[in-house]
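Got your viewer open? Here's a short tour of what to select and what turns up when you do.

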Amino acid sequence: MHRKSPLVVVGDALLDRDLTGTAERLAPDAPVPVVADCAQRVRPGGAALAACLAARDGREVTLITGLGDDPASEELRRLLSRELKLIELPLTGALPEKTRVLAQGSPVVRLDRGTGRVREATDEARAALRSAPAVLVSDYGRGAADSLRDVLAERPPLVWDPHPRGGLPVPGTRLVSPSEREAYALSGERGATDGDLRGAARGAAALVRHWRVAAVTVTLGARGALLSYGEHPLLVPVPTVHRGDPCGAGDRFAAPSAGLLADGALVAVEGAVAAATEFVGAGGAGAVTYADDAGPAVVTDAADARDPVARVRATGGTVVAAGGCFDLLHAGHVGLLQAARRLGDCLVVCVNSDASVRRRKGAERPVNPLADRVRVLSALACVDAVAVFDEDTPERLLADLRPHIWVKGGDYSGADLPEAALLEEWGGQAVLLPYLVGRSSTALVARVREGAR
């Protein structure tokens with residue numbers, strides 16, 4: 001198997017925090033929602049997220065970033081300790097932190113603190129850059145890239161993910177990947193608005209010339225990405241549209257862009273668009289778990305689930321939820337989900353994450369990764385939304401969705417449903433529905449292995 005090229009990521013790390021709860025009333029002293037029962041998850045952000053994602057693609061990754069002696073820096077060191085090699089740049093001030101408060105999976109407010117900036121480069125960082133086979137710059141405007149600009153100019157990076165408050169990409173960079181709004185801000189395009197494809201193309205072409213780089217890719221969210229070498233842009237559409245949490249999607253685009261180019265790909269945009277799309281569909285940055293993660297174990301594609309549930313509740317309808325691994329979707333699964341949908345007015349499928357499947361089924365499962373399982377389930381006409389959970393059982397997710405009916409397959413017959421008591425708390429009902437006889441993912445895997453022998 002071809003060995004993936006190592007990658008050095010240079011940029012500004014952040015510490016991201018999500019406080020996730022439910023909001024069912026307004027505060028008595030102000031017209032603002034009261035977000036109750038908040039669970040906290042802390043995770044790497046900024047360049048640290050891009051580096052972690054590249055490492056999880058199977059690469060040897062070195063992250064060059066600013067860290068100090070403040071609590072946020074110490075927490076980030078802990079999260080990164082098992083992910084990659086870390087080369088620290090001295091930081092003035094505290095590491096920037098970004099805290100999102102979410103209610104039913106939707107952001108309510110973001111709180112920022114920490115004004116730390118990289119003070120200077122180090123000899124270790126310069127040496128690592130000069131010997132790096134491939135470099136990704138993840139610039140969040142906090143000085144890391146600027147401190148090493150002279151070395152980056154000597155050997156231009158493969159990919160530069162820019163920020164309006166950061167410095168310009170060095171000439172000769174192979175690919176620069178601004179978002180649509182960043183492209184407008186950086187190019188000075190007049191009259192351009194979100195959704196204006198012509199404006200995005202003109203902005204990208206202008207940036208190619210102004211920055212003297214090989215290419216610019218403008219990421220367009222659900223519309224994909226626009227690749228420009230200066231004229232006649234290439235539009236790469238997303239393989240499927242997800243309404244999940246887009247937080248971190250730019251980092252998920254940049255990491256495989258650099259990795260694929262490092263591995264010798266001539267054009268990396270299509271693979272990067274696919275990776276970012278899967279990332280959003282699986283829950284975005286909030287779905288990525290880390291060693292010793294003390295945050296909540298539930299990961300949901302909250303936007304996908306929340307909208308149909310809210311619409312059905314508003315009209316007094318019945319919300320149905322069904323759960324399982326759905327590793328190899330077969331006729332038994334489809335029959336179960338069709339029957340479940342007939343019990344109410346919308347069906348939310350709660351699916352185990354890859355880690356949850358491995359704990360339940362063994363190291364060789366799942367056969368299909370989470371993004372593929374979510375995509376197949378979402379394509380079924382009987383499924384209104386898909387939500388993902390990382391626990392062995394989905395109690396935490398169900399407490400958020402609060403369905404009227406919870407459905408499990410009939411192979412649970414004779415055993416207690418662990419979610420039944422939880423459903424009773426809000427007047428819901430857990431039920432069993434029969435599977436088609438002889439259909440199971442485990443049996444399919446066994447038959448494939450027998451045929452291979």
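Below are a few stops, taken one at a time. Keep in mind along the way that this is a predicted model.

**Stop 1: a hairpin**

Select residues 13-26, which make up strand S2, and then residues 33-46, which are strand S3. The two strands run antiparallel, with 11 bridges joining them. Six residues form the hairpin that connects S2 to S3. To see one of the pairings, click on Leu26: its bridge partner in S3 is Pro33.

**Stop 2: the big core**

Now for the inside. In soluble globular proteins, nonpolar side chains tend to be buried together. Which residues touch the most other members of the largest nonpolar core? Select Ile64, Leu129 and Val216: those are the ones, in a core of 80 residues. Next, color residues 47-56, helix H1, which gives this core its largest share, nine residues.

Stay with Ile64 for a moment and show what's around it. Leaving out residues up to four places away in sequence, Ile64 touches Val8, Val9, Val10 and Gly11, then Ile87 and Leu89, and also Ala125, Ala128, Leu129 and Leu148. There's a second core too, separate from this one: it has 21 residues, and Val383, Val386, Val388 and Leu433 are among them.

**Stop 3: a threonine in a loop**

Jump to Thr173, in the loop that runs between strand S10 (159-161) and strand S11 (175-176). Is Thr173 buried or exposed? Its relative accessible area is 0%, so Thr173 counts as buried, the cut-off being under 20%. Draw a distance from the Thr173 side chain to the backbone oxygen of Val170, and you should get 2.8 Å. Farther off in sequence, more than four places away, the residues Thr173 touches include Pro156, Pro157, Trp160 and Val213.

**Stop 4: a five-stranded sheet**

For the last stop, show the open sheet whose strands go in the order S17-S16-S15-S18-S19, paired in parallel. At the edges you'll find S17 (385-389) and S19 (429-433), each pairing on one side only. Turn the view and follow the twist, which averages 25° from one strand to the next.

Zoom in on strand S18 (residues 405-409), which runs parallel to S19 and is joined to it by five bridges. Ile405 stands opposite Gln429 there. Finally, select residues 370-378: this is helix H13, which packs on the sheet and touches S16 (346-352) and S17. The direction of H13 makes about 165° with that of S16.

Methods: Residues numbered from 1 in each chain as written. Predicted model: local features only at pLDDT ≥ 70, side-chain atom pairs only at ≥ 80, totals over all residues. Heavy atoms only, no water. Pairing = 2+ DSSP bridges. Helix = DSSP H or I, 4+ residues; strand = E, 2+ residues; numbered from the N terminus. Buried < 20%, exposed > 50% of the residue type's maximum accessible area, 1.4 Å probe, protein only. Polar contact = N/O pair within 3.5 Å; in protein donor to acceptor, adjacent residues only side chain to side chain. Contact = heavy atoms within 4.5 Å. Core = buried A, V, L, I, M, F, W, Y, C linked by side-chain atoms within 4.5 Å. Axes fitted to C-alpha atoms, helices over the stretch in contact; angles between N-to-C directions.
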